[in-house]
Amino acid sequence: MASVIERLADQVRMKEKAAAEAAMRAIPSEYRDYLMYLPQNETLINREPLDGEYPLPPGVFSWKGKTFIQVKYPYMVVAGRVKWFRDDHREAGAKYSITTNAEEIREMMKNGQPIPPGYPFVTVVESELHGKVEALASIHIDGKAVDAYFPLENAETSSLGRALAKMGYGLIGSGLSSAEEVKEAIRRKSKEDTPNGSKPSETEPELVEIASNPKDVPTSKGTYTSYELADGRLLMVSSDVPKLSPGAKVCVSGIITESKTGDVILWTKEFKGVA
(Lines give C-alpha, C1' and ligand atoms only; values in the text may rest on other atoms or scores of the structure.)
Protein backbone atom coordinates (compact mmCIF):
# COMPACT_ATOMS: atom_id res chain seq x y z
CA MET A 1 0.00 0.00 0.00
CA ALA A 2 1.36 3.41 -0.97
CA SER A 3 2.35 5.75 1.84
CA VAL A 4 0.94 9.25 2.26
CA ILE A 5 4.20 10.67 0.93
CA GLU A 6 4.05 8.46 -2.16
CA ARG A 7 0.47 9.52 -2.89
CA LEU A 8 1.32 13.20 -2.46
CA ALA A 9 4.41 12.80 -4.63
CA ASP A 10 2.31 11.12 -7.34
CA GLN A 11 -0.14 14.04 -7.29
CA VAL A 12 2.67 16.56 -7.80
CA ARG A 13 4.20 14.44 -10.56
CA MET A 14 0.82 14.36 -12.29
CA LYS A 15 0.66 18.15 -12.09
CA GLU A 16 4.20 18.35 -13.47
CA LYS A 17 3.27 16.06 -16.37
CA ALA A 18 0.07 18.01 -17.06
CA ALA A 19 2.03 21.29 -17.21
CA ALA A 20 4.48 19.81 -19.72
CA GLU A 21 1.65 18.44 -21.87
CA ALA A 22 -0.19 21.78 -21.75
CA ALA A 23 2.97 23.57 -22.88
CA MET A 24 3.29 21.20 -25.83
CA ARG A 25 -0.31 21.91 -26.84
CA ALA A 26 0.09 25.68 -26.48
CA ILE A 27 3.44 26.09 -28.25
CA PRO A 28 3.64 25.33 -32.00
CA SER A 29 6.13 22.58 -32.81
CA GLU A 30 8.58 24.94 -34.53
CA TYR A 31 9.06 26.89 -31.28
CA ARG A 32 9.28 24.04 -28.77
CA ASP A 33 13.07 24.13 -28.80
CA TYR A 34 12.69 27.41 -26.90
CA LEU A 35 11.08 25.67 -23.94
CA MET A 36 13.21 25.23 -20.85
CA TYR A 37 12.27 23.36 -17.69
CA LEU A 38 13.04 25.17 -14.45
CA PRO A 39 13.54 23.01 -11.35
CA GLN A 40 11.83 23.92 -8.12
CA ASN A 41 10.96 22.29 -4.82
CA GLU A 42 7.37 21.80 -3.68
CA THR A 43 6.41 21.04 -0.09
CA LEU A 44 4.63 17.72 0.42
CA ILE A 45 4.16 17.83 4.20
CA ASN A 46 5.22 20.27 6.90
CA ARG A 47 7.28 17.76 8.82
CA GLU A 48 10.04 15.25 8.30
CA PRO A 49 9.20 11.53 8.41
CA LEU A 50 10.02 9.73 11.63
CA ASP A 51 12.88 7.25 11.57
CA GLY A 52 11.66 4.14 9.77
CA GLU A 53 8.20 5.62 9.18
CA TYR A 54 8.39 5.12 5.40
CA PRO A 55 11.01 5.27 2.64
CA LEU A 56 11.18 8.46 0.61
CA PRO A 57 10.30 8.06 -3.09
CA PRO A 58 12.79 9.18 -5.77
CA GLY A 59 13.14 12.96 -5.90
CA VAL A 60 11.71 13.42 -2.40
CA PHE A 61 13.85 14.73 0.46
CA SER A 62 13.46 16.21 3.93
CA TRP A 63 15.04 19.39 5.25
CA LYS A 64 14.43 21.76 8.17
CA GLY A 65 11.22 20.16 9.35
CA LYS A 66 9.57 19.74 5.94
CA THR A 67 9.44 17.14 3.19
CA PHE A 68 9.87 18.27 -0.42
CA ILE A 69 9.81 16.95 -3.95
CA GLN A 70 11.84 18.45 -6.79
CA VAL A 71 9.92 19.02 -10.02
CA LYS A 72 10.44 20.93 -13.26
CA TYR A 73 7.92 23.21 -14.94
CA PRO A 74 8.07 24.58 -18.51
CA TYR A 75 8.96 28.13 -19.44
CA MET A 76 9.36 29.70 -22.89
CA VAL A 77 12.50 31.81 -23.18
CA VAL A 78 12.25 35.36 -24.48
CA ALA A 79 14.07 34.54 -27.72
CA GLY A 80 11.32 32.06 -28.60
CA ARG A 81 8.63 34.64 -27.95
CA VAL A 82 10.46 37.14 -30.18
CA LYS A 83 10.80 34.67 -33.05
CA TRP A 84 7.18 33.56 -32.79
CA PHE A 85 6.01 37.21 -32.73
CA ARG A 86 8.13 38.17 -35.73
CA ASP A 87 7.12 35.09 -37.72
CA ASP A 88 3.42 35.84 -37.13
CA HIS A 89 3.84 39.38 -38.42
CA ARG A 90 5.90 38.35 -41.41
CA GLU A 91 3.37 35.70 -42.44
CA ALA A 92 0.47 38.14 -42.01
CA GLY A 93 2.29 41.00 -43.73
CA ALA A 94 1.67 43.07 -40.60
CA LYS A 95 3.85 45.84 -39.22
CA TYR A 96 5.13 46.27 -35.69
CA SER A 97 7.53 48.43 -33.71
CA ILE A 98 9.46 47.92 -30.48
CA THR A 99 10.70 50.97 -28.58
CA THR A 100 12.40 51.35 -25.19
CA ASN A 101 13.76 54.01 -22.87
CA ALA A 102 17.29 52.64 -23.28
CA GLU A 103 18.58 55.91 -24.73
CA GLU A 104 17.28 57.83 -21.72
CA ILE A 105 19.08 55.42 -19.39
CA ARG A 106 22.31 55.66 -21.39
CA GLU A 107 22.17 59.46 -21.13
CA MET A 108 21.72 59.22 -17.37
CA MET A 109 24.79 57.01 -17.11
CA LYS A 110 26.78 59.18 -19.51
CA ASN A 111 26.06 62.26 -17.40
CA GLY A 112 27.04 60.49 -14.20
CA GLN A 113 23.47 60.47 -12.90
CA PRO A 114 22.86 57.45 -10.65
CA ILE A 115 20.06 55.10 -11.64
CA PRO A 116 17.67 54.89 -8.66
CA PRO A 117 16.97 51.41 -7.24
CA GLY A 118 14.13 49.78 -9.14
CA TYR A 119 14.17 52.36 -11.95
CA PRO A 120 12.02 50.94 -14.78
CA PHE A 121 13.28 49.72 -18.11
CA VAL A 122 10.26 50.32 -20.36
CA THR A 123 9.44 48.42 -23.54
CA VAL A 124 6.54 49.43 -25.79
CA VAL A 125 5.38 47.07 -28.53
CA GLU A 126 2.92 48.29 -31.17
CA SER A 127 1.46 45.70 -33.50
CA GLU A 128 -1.07 45.74 -36.30
CA LEU A 129 -2.15 42.29 -35.11
CA HIS A 130 -2.33 42.80 -31.34
CA GLY A 131 -2.48 46.52 -30.64
CA LYS A 132 -0.18 48.28 -28.20
CA VAL A 133 1.26 47.07 -24.90
CA GLU A 134 3.76 48.49 -22.44
CA ALA A 135 5.84 46.46 -20.02
CA LEU A 136 8.24 47.39 -17.24
CA ALA A 137 11.14 45.63 -15.60
CA SER A 138 13.02 47.08 -12.64
CA ILE A 139 16.72 47.81 -13.02
CA HIS A 140 18.59 46.56 -9.98
CA ILE A 141 22.05 48.08 -10.05
CA ASP A 142 24.38 45.99 -7.86
CA GLY A 143 21.55 43.53 -7.26
CA LYS A 144 21.84 39.78 -6.80
CA ALA A 145 22.65 36.95 -9.21
CA VAL A 146 22.80 38.25 -12.80
CA ASP A 147 21.77 41.77 -11.69
CA ALA A 148 25.02 42.05 -9.78
CA TYR A 149 26.87 42.04 -13.10
CA PHE A 150 24.52 42.94 -15.97
CA PRO A 151 21.44 44.72 -14.59
CA LEU A 152 20.56 46.68 -17.75
CA GLU A 153 20.78 43.70 -20.08
CA ASN A 154 18.66 41.62 -17.72
CA ALA A 155 16.02 44.35 -17.37
CA GLU A 156 15.89 44.80 -21.15
CA THR A 157 15.28 41.10 -21.75
CA SER A 158 12.74 40.94 -18.93
CA SER A 159 10.68 43.90 -20.13
CA LEU A 160 10.61 42.63 -23.71
CA GLY A 161 9.53 39.18 -22.54
CA ARG A 162 6.76 40.69 -20.42
CA ALA A 163 5.48 42.78 -23.33
CA LEU A 164 5.28 39.77 -25.64
CA ALA A 165 3.67 37.68 -22.90
CA LYS A 166 0.95 40.33 -22.62
CA MET A 167 0.27 39.68 -26.30
CA GLY A 168 -0.06 35.97 -25.58
CA TYR A 169 3.35 34.72 -26.69
CA GLY A 170 4.78 32.04 -24.41
CA LEU A 171 2.04 32.14 -21.78
CA ILE A 172 2.02 28.57 -20.50
CA GLY A 173 1.28 29.05 -16.82
CA SER A 174 4.61 30.65 -15.92
CA GLY A 175 3.22 34.18 -15.96
CA LEU A 176 4.90 37.29 -17.35
CA SER A 177 8.23 36.94 -15.55
CA SER A 178 11.50 36.37 -17.39
CA ALA A 179 13.50 33.19 -16.89
CA GLU A 180 15.98 35.06 -14.70
CA GLU A 181 13.17 36.40 -12.52
CA VAL A 182 11.61 32.96 -12.18
CA LYS A 183 14.97 31.39 -11.35
CA GLU A 184 15.74 34.12 -8.82
CA ALA A 185 12.41 33.53 -7.06
CA ILE A 186 13.14 29.80 -6.98
CA ARG A 187 16.67 30.51 -5.74
CA ARG A 188 15.39 32.61 -2.85
CA LYS A 189 12.92 29.93 -1.82
CA SER A 190 15.46 27.15 -2.21
CA LYS A 191 18.04 29.03 -0.16
CA GLU A 192 15.54 29.19 2.70
CA ASP A 193 14.21 25.65 2.45
CA THR A 194 16.91 23.36 1.13
CA PRO A 195 20.51 22.38 1.81
CA ASN A 196 21.49 23.33 -1.73
CA GLY A 197 21.03 27.07 -1.55
CA SER A 198 23.42 28.02 -4.36
CA LYS A 199 22.23 30.38 -7.08
CA PRO A 200 21.05 28.38 -10.10
CA SER A 201 22.31 31.09 -12.46
CA GLU A 202 25.88 30.75 -11.17
CA THR A 203 28.05 28.00 -12.61
CA GLU A 204 30.50 25.71 -10.95
CA PRO A 205 34.00 25.87 -12.49
CA GLU A 206 33.95 24.18 -15.88
CA LEU A 207 36.39 23.54 -18.70
CA VAL A 208 35.33 25.19 -21.96
CA GLU A 209 36.88 25.19 -25.43
CA ILE A 210 37.29 28.39 -27.44
CA ALA A 211 35.96 28.04 -31.00
CA SER A 212 36.40 31.55 -32.46
CA ASN A 213 38.65 34.57 -32.55
CA PRO A 214 38.03 37.29 -29.92
CA LYS A 215 35.54 40.10 -30.50
CA ASP A 216 35.23 43.20 -28.29
CA VAL A 217 31.65 43.94 -27.18
CA PRO A 218 30.48 47.04 -25.24
CA THR A 219 28.21 46.35 -22.23
CA SER A 220 26.82 48.36 -19.32
CA LYS A 221 29.77 47.11 -17.25
CA GLY A 222 32.38 48.16 -19.80
CA THR A 223 33.95 46.40 -22.77
CA TYR A 224 34.06 42.61 -22.73
CA THR A 225 35.71 40.16 -25.10
CA SER A 226 33.34 37.65 -26.68
CA TYR A 227 34.18 34.12 -27.87
CA GLU A 228 32.09 31.38 -29.39
CA LEU A 229 32.49 28.10 -27.51
CA ALA A 230 32.63 24.62 -28.98
CA ASP A 231 29.29 23.77 -27.33
CA GLY A 232 27.50 26.69 -29.00
CA ARG A 233 27.42 29.09 -26.07
CA LEU A 234 29.06 32.50 -25.95
CA LEU A 235 31.82 33.31 -23.46
CA MET A 236 32.19 36.89 -22.24
CA VAL A 237 35.53 37.79 -20.64
CA SER A 238 36.82 41.07 -19.24
CA SER A 239 38.76 42.90 -21.96
CA ASP A 240 41.88 43.14 -19.78
CA VAL A 241 42.30 39.35 -19.89
CA PRO A 242 44.89 38.18 -22.45
CA LYS A 243 43.27 37.18 -25.73
CA LEU A 244 42.66 33.49 -26.39
CA SER A 245 42.98 31.52 -29.62
CA PRO A 246 40.59 28.96 -31.14
CA GLY A 247 41.21 25.56 -29.59
CA ALA A 248 42.30 26.94 -26.22
CA LYS A 249 40.68 25.30 -23.20
CA VAL A 250 39.91 27.51 -20.21
CA CYS A 251 38.53 26.61 -16.80
CA VAL A 252 36.04 29.32 -15.79
CA SER A 253 33.17 30.03 -13.45
CA GLY A 254 30.61 32.77 -13.80
CA ILE A 255 27.01 33.70 -14.55
CA ILE A 256 24.83 32.13 -17.24
CA THR A 257 22.19 34.32 -18.89
CA GLU A 258 19.89 34.24 -21.88
CA SER A 259 20.07 37.10 -24.37
CA LYS A 260 16.98 38.44 -26.13
CA THR A 261 18.31 36.89 -29.35
CA GLY A 262 18.39 33.43 -27.78
CA ASP A 263 22.10 33.10 -27.12
CA VAL A 264 23.18 31.33 -23.94
CA ILE A 265 25.97 33.46 -22.51
CA LEU A 266 28.56 32.53 -19.90
CA TRP A 267 29.79 35.75 -18.29
CA THR A 268 33.15 34.88 -16.77
CA LYS A 269 33.55 35.75 -13.13
CA GLU A 270 36.80 33.91 -12.49
CA PHE A 271 39.45 31.98 -14.39
CA LYS A 272 40.48 28.76 -12.70
CA GLY A 273 43.25 27.92 -15.13
CA VAL A 274 44.07 27.34 -18.78
CA ALA A 275 44.64 23.94 -20.36
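Below are four short exercises on this predicted model, each with a worked solution.

Residues are numbered from 1 along each chain as its sequence is written. In this predicted model, local features need pLDDT of at least 70 and side-chain atom pairs count only at pLDDT 80 or more, while totals for chains, interfaces and linings use all residues; side-chain values use heavy atoms, with hydrogens and water left out.

**Exercise 1. Find the aromatic partners of Tyr 169 in helix α2, and describe the geometry of each pair.**

Step 1. Start with the criterion: rings of Phe, Tyr and Trp (its six-membered ring) pair if their centres lie within 6.5 Å, and planes under 30 degrees apart count as stacked, over 60 as edge-to-face and the rest as tilted. The whole structure holds six aromatic pairs.

Step 2. Trp 84 and Tyr 169 make one edge-to-face pair, at 5.3 Å centre to centre and 85 degrees between the planes. Trp 84 sits in helix α2 (residues 78-92) and Tyr 169 in the loop between α4 (151-166) and α5 (179-193), 85 residues apart. Helices here are DSSP runs (H or I, at least four residues), as are strands (E, at least two), numbered from the N terminus.

Step 3. Now check burial, where buried means under 20% relative accessible area, exposed over 50% and partly exposed in between (1.4 Å probe, protein chains only). Trp 84 is buried at 13%, and Tyr 169 is buried at 2%.

Step 4. Phe 85 and Tyr 169 have ring centres 5.6 Å apart and planes at 80 degrees, so this pair is edge-to-face. Because Phe 85 belongs to α2 and Tyr 169 to the loop between α4 and α5, the pair ties together parts 84 residues apart in sequence. Phe 85 is buried too, at 1% relative accessibility.

Step 5. Widen the view: Tyr 31, Trp 84, Phe 85, Tyr 96 and Tyr 169 form one aromatic cluster.

**Exercise 2. Work out the strand order of the open three-stranded sheet, and which helix packs on it.**

Step 1. The order is β1-β3-β2, with antiparallel pairing; two strands pair if DSSP finds at least two bridges between them. The edge strands, each pairing on one side only, are β1 (35-45) and β2 (60-63).

Step 2. Between β1 and strand β3 (residues 66-76) there are 10 bridges. As an example, Leu 35 has Met 76 of β3 as its bridge partner.

Step 3. Helix α1 (residues 4-26) packs on the sheet and touches β1, β2 and β3, and its direction makes about 5 degrees with that of β3. Axes are lines fitted to C-alpha atoms, for helices over the stretch in contact, and angles run from 0 to 180 degrees between N-to-C directions; contact means heavy atoms within 4.5 Å.

**Exercise 3. Trace how β5 connects to β6.**

Step 1. Strands β5 (residues 119-127) and β6 (residues 131-139) run antiparallel and are joined by nine bridges.

Step 2. Phe 121 has Ala 137 in β6 as its bridge partner, and a hairpin through three residues joins β5 to β6.

**Exercise 4. Locate the buried residues of helix α3, and say what covers them.**

Step 1. In α3 (residues 102-110), the buried residues are Ala 102, Ile 105 and Met 108. They lie on the same side of α3 because they cover an arc of only 120 degrees around the axis, taken from the directions from the helix axis to the C-beta atoms.

Step 2. Their cover includes β4 (96-100), β5, β6 and α4.

Step 3. Just after α3, Gly 112 takes a positive phi of about 75 degrees.
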